[in-house]
Amino acid sequence: MNHTFKGLAASLLAIASLAIATPATATITTYSTLAAFNSAASTNTTVDFSGNSFVGLNAAGSSLWNTNSSSGFSLNGATFSVAGGNHYEAIVAPAFSPSLYDRGTGNQLHAEYSQALTITFDSAITALAFDLSSIFSRSGSVQVGFSNGDSATAILGDPYAFNGFVSSSAFNYIVINGISGDYLMIDNVRFGSNDVPEPGSLALLGLAIAGLAAAKRKHA
């Protein structure tokens with residue numbers, strides 16, 4: 001292998017490495033069904049707000065757990081917090097008020113009136129899904145901002161609407177805008193990371209490998 005080929009090989013490999021290491025502008029793909037989301041994403045954590053994580057919830061005479069802490073609370077690798085003057089996050093059991101909270105999904109997270117909900121993840125992820133509603137209107141949509149600079153629209157449903165998102169660039173938190181005059185409800189938060197190079201990066205890597213092979217043939 002002569003010096004010219006060595007230099008060309010190093011340049012091509014550097015281009016390929018740069019393509020993988022430097023992601024393009026993030027793009028968000030949305031999914032309205034769990035089946036479609038599962039076919040495109042690999043998630044490994046689900047937070048359904050059940051179990052024994054909340055002291056007093058579902059104990060005799062209790063169907064509500066809440067905190068007014070600005071730092072929120074953490075569960076299974078995710079931290080849930082509410083912005084605004086009242087940092088109120090509540091895990092509500094259906095028995096608290098069946099007409100409002102019995103959505104057929106068990107316990108759920110209730111965010112304060114008109115306030116945004118932030119979900120911060122312990123590790124960067126690329127895939128996220130959740131069921132979204134509100135206490136009263138149970139319809140319409142809200143905007144979701146991602147820490148990688150992208151944004152998407154999330155739908156509210158009755159009893160819940162499924163919202164799935166897969167990003168081309170990793171993110172470590174999202175902000176779900178609050179609903180003016182209503183309370184956000186969220187359940188079954190699923191998240192994970194695919195760790196797959198972006199299509200553009202793969203294409204550049206392929207070109208680099210092809211160029212390397214052609215240069216090798218030329219100098220053989």
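The protein chain in this predicted model has an average pLDDT of 82, and 72% of the residues score at least 70. Over residues 18-23 the pLDDT is below 50, and this stretch has 5 contacts in the model beyond near neighbours in sequence. Another such stretch covers residues 196-202, where pLDDT stays under 50 and the model has 6 contacts beyond four places in sequence.

A good place to begin is the charged side chains. How many salt bridges does a search of the whole structure find? The search finds 1. The partners are D158 and R138, and their closest N and O atoms are 3.2 Å apart. This pair links distant parts of the chain, since D158 sits in the loop between β10 and β11 while R138 sits in the loop between β8 and β9, 20 residues apart. The two partners can also be described by their accessibility. D158 counts as exposed because its relative accessible area is 56%, whereas R138 counts as buried because its relative accessible area is 15%.

Both ends of this salt bridge have a further feature in the backbone. On the D158 side, the peptide bond from D158 to P159 is cis, with omega near 5 degrees. P159 belongs to the loop between β10, residues 151-155, and β11, residues 161-176. On the other side, R138 has a positive phi of about 55 degrees, although R138 is not a glycine. The loop that holds R138 runs between β8 (117-134) and β9 (141-146). As background, most residues other than glycine have a negative phi, and most peptide bonds are trans.

A positive phi is also found at N188, a residue other than glycine, where the value is near 50 degrees. Here the setting is a strand, β12. N188 is classed as buried because its relative accessible area is 14%, under the 20% limit.

N188 leads on to R190, another residue of strand β12, which spans residues 184-192. The side chain of R190 reaches the backbone oxygen of N188 at 3.3 Å. Which side chain of opposite charge is nearest to R190? That side chain is D131, at 4.2 Å. A salt bridge requires a nitrogen and a carboxyl oxygen within 4 Å, so the pair R190 and D131 does not count as one. R190 is thus buried and without a salt bridge. Beyond its neighbours within four places in sequence, R190 is in contact with L34, T43, T45, T46, A127, L128, A129, D131 and F162.

The last stop is F80, in strand β5, which covers residues 78-82. Is F80 buried or exposed? F80 counts as buried because its relative accessibility is 0%. Setting aside neighbours within four places in sequence, the contacts of F80 include V47, F49, S71, G72 and F73. Also among them are E89, L109, L117, T118, I119 and V189. One of these contacts, L109, is 29 residues from F80 in sequence, and the two are 9.2 Å apart in space from C-alpha to C-alpha.

Terms used:
Residues numbered from 1 in each chain as written. Predicted model: local features only at pLDDT ≥ 70, side-chain atom pairs only at ≥ 80, totals over all residues. Heavy atoms only, no water. Helix = DSSP H or I, 4+ residues; strand = E, 2+ residues; numbered from the N terminus. Buried < 20%, exposed > 50% of the residue type's maximum accessible area, 1.4 Å probe, protein only. Lys, Arg positive; Asp, Glu negative; His and termini not counted. Polar contact = N/O pair within 3.5 Å; in protein donor to acceptor, adjacent residues only side chain to side chain. Contact = heavy atoms within 4.5 Å. pLDDT = per-residue confidence, 0-100.
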